[in-house]
Amino acid sequence: MREIFAGLPWWVKWVAVPVIALVVFGGVIASVVGFVIGLLFKLLVFVALVGGLIYIVRKFMSSSSSRSDW
């Protein structure tokens, strides 16, 4: 593979080949990036909901235990 690229100009190696790769694999790359971003967003929503639930339960438990002290 190195012998093939050795005789080519620099712009073929650094411009043309990456552009061709993006055209050919662009849809695959976009779908993978979209999947990862969607997964991270769902993970963030999950963490926020679980954190909110823990906060509400602790708040309710502390207020109910303080009422029983009276």
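**Exercise 1. Is Gly7 buried or exposed, and what is its relative accessibility?**

Before starting, note that this is a predicted model, where local features need pLDDT of at least 70 and side-chain atom pairs count only at pLDDT 80 or more, while totals for chains, interfaces and linings use all residues. Residues are numbered from 1 along each chain as its sequence is written, and side-chain values use heavy atoms, with hydrogens and water left out.

Solution.
- Step 1: find Gly7 in the loop between H1 and H2. Helices (H or I, at least four residues) and strands (E, at least two) are DSSP runs, numbered from the N terminus.
- Step 2: recall the classes: buried is under 20% relative accessible area, exposed over 50%, and partly exposed in between (1.4 Å probe, protein chains only).
- Step 3: Gly7 has 68% relative accessibility, so Gly7 counts as exposed.

**Exercise 2. Place Glu3 and Phe46 in their helices and classify each one.**

Solution.
- Step 1: the protein has 2 helices and 0 strands.
- Step 2: Glu3 sits in helix H1 (residues 2–6). Its relative accessible area is 66%, so Glu3 is exposed.
- Step 3: Phe46 belongs to helix H2 (residues 10–69). With a relative accessible area of 53%, Phe46 is exposed too.

**Exercise 3. Set separation along the chain beside separation in space.**

Solution. Take the C-alpha atoms of each pair in turn.
- Step 1: Gly7 and Leu49 are 42 residues apart along the chain and separated by 58 Å.
- Step 2: for Glu3 and Ser62, 59 residues apart in sequence, the distance is 72 Å.
- Step 3: Phe46 and Ser63, 17 residues apart in sequence, are 26 Å apart in space.

**Exercise 4. Describe the whole chain in numbers.**

Solution.
- Step 1: the C-alpha trace spans about 90 × 20 × 15 Å along its principal axes.
- Step 2: the radius of gyration is 27 Å, whereas a compact globule of 70 residues would have one near 11 Å. This radius is taken over C-alpha atoms, and the globule rule is 2.2 Å times the number of residues to the power 0.38.
- Step 3: of the 70 residues, 1% count as buried.
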